[in-house]
Amino acid sequence: MLYNLDLVKQSFKLKTLIKSIFSNNLLHSNGNNLLTSVIIDSSHKINKNKVENYFKDFYSLQGWFSIFSAKTLLWLDFIQKQEKIEGNLFEIGVYLGKSSILFGLFADQEKERLGLCDHFKAGERRKIPQKEILYKNLNSYFDNLEFIDIYDKESIALTLDECKNSRMFHIDGGHTFVQLTNDLQLAETAIIDKGLIIIDDFFNPRCPEVTEGVYKYLDKGTLTPIMVGFMKLVLCKKSMYKWYFEKINTLGWKNYINNEKIDFLNRKMFGYNILTGGQQAN
Ligand SMILES: C[S@@+](CC[C@H](N)C(=O)[O-])C[C@H]1O[C@@H](n2cnc3c(N)ncnc32)[C@H](O)[C@@H]1O
């Protein structure tokens, strides 16, 4: 009797699993075509084929990076390139390279470098060869990795020399108050005048110390927000606030965020006008 009941339970579990895989796939493939198509301005200096392939592959790459964050960053890369801003790209918190690949695609390999820092402990915890998968993923997008520097260490051990002259600095490593504050301090010194700092998991209720750390740090008054959305906060130097705010309002997001349910609104944060990206109410 017990044996039969177990069998019934198992077959029920199996059916539920098959159902969920099937419906997820359907959902995925339906929604995917819309989400993974990407519009790139014709004057954007970037390898368009590779970027299109990256977005096509988006859901097969494992990681913590949403497609709308990726499209927002692509738009910011467009703005920087339109304005002839040159500099390195740097990321703390790489995991398997989902966001790193996009930063790599932004880089003009002739003159810009991509720095990646991770202590690779996430892979240990998940029992996967994190570093090996990262290299495999990077190698599938780039013919050679000479423009990339990988720092296998805690971000607190990074030196300014390793990440200086950055035009985009992505913070997605340790999510505690202390780690966030340390990474943000480093990023502020590492960015060029027109550099941008992008902080992951801002306003994410699962990572309250990130939001807390940012709020405390912004009290210094040297950095200002210009955009928030899709759990990313974008900061620039206070001296560049007006300049960036004008650019993000004139070099339109509509060319990059091609989804009718998504838009950017004008809102205020810490007394600054900013853009907020998100899903429209129904
Ligand atoms: C949320 S994941 C990064 C996700 C990644 N950006 C993506 O696109 O999928 C966070 C990563 O940060 C790394 N990490 C956490 N704390 C760190 C620290 N203090 N220094 C360096 N890396 C750290 C982890 O090993 C993990 O790979």
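Let's start at Leu235, which sits in strand 7, residues 232-237. This is a predicted model, so keep that in mind throughout. Is Leu235 buried or exposed? Leu235 is buried, because 29 other C-beta atoms lie within 10 Å, and 20 or more is what it takes to count as buried.

What does Leu235 touch, once residues up to four places away in sequence are set aside? The list is Leu196, Ile197, Leu223, Thr224 and Pro225. Now look at Glu188. Leu235 and Glu188 are 47 residues apart along the chain. Their C-alpha atoms are separated by 9.5 Å.

Step back to the whole protein for a moment. The secondary structure comes to 10 helices and nine strands. There are 282 residues, and buried residues make up 38% of them. Next, take the contacts between residues at least 6 apart in sequence. Of those, 71% join residues at least 24 apart. The Leu235 story gives you one pair to look at: Leu235 touches Leu196.

Now the helix pairs. First, helix 2, residues 48-56, and helix 4. Their axes come within 10 Å and cross at roughly 170 degrees. That is over 145 degrees, so helix 2 is roughly antiparallel to helix 4. Which residues make the contact? From helix 2, they are Lys50, Val51 and Tyr54. From helix 4, they are Ile101, Leu102 and Leu105. By class, the contact of helix 2 with helix 4 has five nonpolar residues, no polar ones and one charged.

Second pair: helix 8, residues 177-190, and helix 9, residues 208-218. Their axes are 8 Å apart, and the packing angle is about 45 degrees. What do we call that arrangement? Helix 8 and helix 9 are oblique to each other. Their crossing is right-handed. On the helix 8 side, the contact uses Phe177, Leu180, Thr181 and Leu184. On the helix 9 side, find Glu209, Val210, Glu212, Gly213, Val214 and Tyr217. Sorted by class, the contact of helix 8 with helix 9 has six nonpolar, two polar and two charged residues.

On to the ligand. How many residues surround it? The count is 21, and the closest are Gly63, Gly93, Ser99, Ala122 and Gly174. Three elements give two or more residues to this shell: helix 4 (98-106), strand 2 (114-118) and helix 5 (121-126). You have already met helix 4, as the partner of helix 2. What about the chemistry of the shell? The residues divide into eight nonpolar, eight polar and five charged.

Keep Ser99 in view, and move to Phe65. Phe65 lies in the loop between helix 2 and helix 3 (67-82). Phe65 counts as buried, because it has 24 C-beta neighbours inside 10 Å. Leaving out residues up to four places away in sequence, Phe65 touches Ala70, Lys98 and Ser99. Phe65 and Lys98 are 33 residues apart in sequence. In space, C-alpha to C-alpha, they are 6.8 Å apart.

Next, two residues with backbone angles to check. Most residues other than glycine have a negative phi. Tyr95 has a positive phi, about 50 degrees, and it is not a glycine. Where is Tyr95? Look in the loop between strand 1 (88-92) and helix 4. Tyr95 is buried, because 24 C-beta neighbours lie inside 10 Å.

Phe270 also has a positive phi, near 50 degrees, and is a residue other than glycine. Phe270 lies in the loop between strand 8 (262-269) and strand 9 (272-279). Is Phe270 buried or exposed? Phe270 is exposed, because it has 12 other C-beta atoms within 10 Å, and the cut-off for exposed is 12 or fewer.

Last stop: Lys261. Lys261 is placed in the loop between helix 10 (241-250) and strand 8. Lys261 is exposed, with 11 other C-beta atoms within 10 Å. Which residues does Lys261 touch, not counting those up to four places away in sequence? They are Gln279 and Gln280. Lys261 and Gly278 are 17 residues apart along the chain, and their C-alpha atoms are separated by 8.3 Å.

Let's recap with two residues. Leu235, where we began, is buried. Lys261, where we ended, is exposed. Find both on the model.

Notes:
Residues are numbered from 1 along each chain as its sequence is written. This is a predicted model: local features need pLDDT of at least 70, side-chain atom pairs count only at pLDDT 80 or more; totals for chains, interfaces and linings use all residues. A residue is near a molecule or strand if its C-beta atom, placed from the backbone, lies within 6 Å of it. Helices (H or I, at least four residues) and strands (E, at least two) are DSSP runs, numbered from the N terminus. Ala, Val, Leu, Ile, Met, Phe, Trp, Tyr, Cys and Pro count as nonpolar, Asp, Glu, Lys and Arg as charged, and the others, Gly among them, as polar. Axes are lines fitted to C-alpha atoms, for helices over the stretch in contact, and angles run from 0 to 180 degrees between N-to-C directions. Angles under 35 degrees count as roughly parallel, over 145 as roughly antiparallel, 65 to 115 as roughly perpendicular and the rest as oblique. A crossing is left-handed if the near helix is turned anticlockwise from the far one by less than a right angle, and right-handed if clockwise. Two residues are in contact if their C-beta atoms, placed from the backbone, lie within 7 Å.
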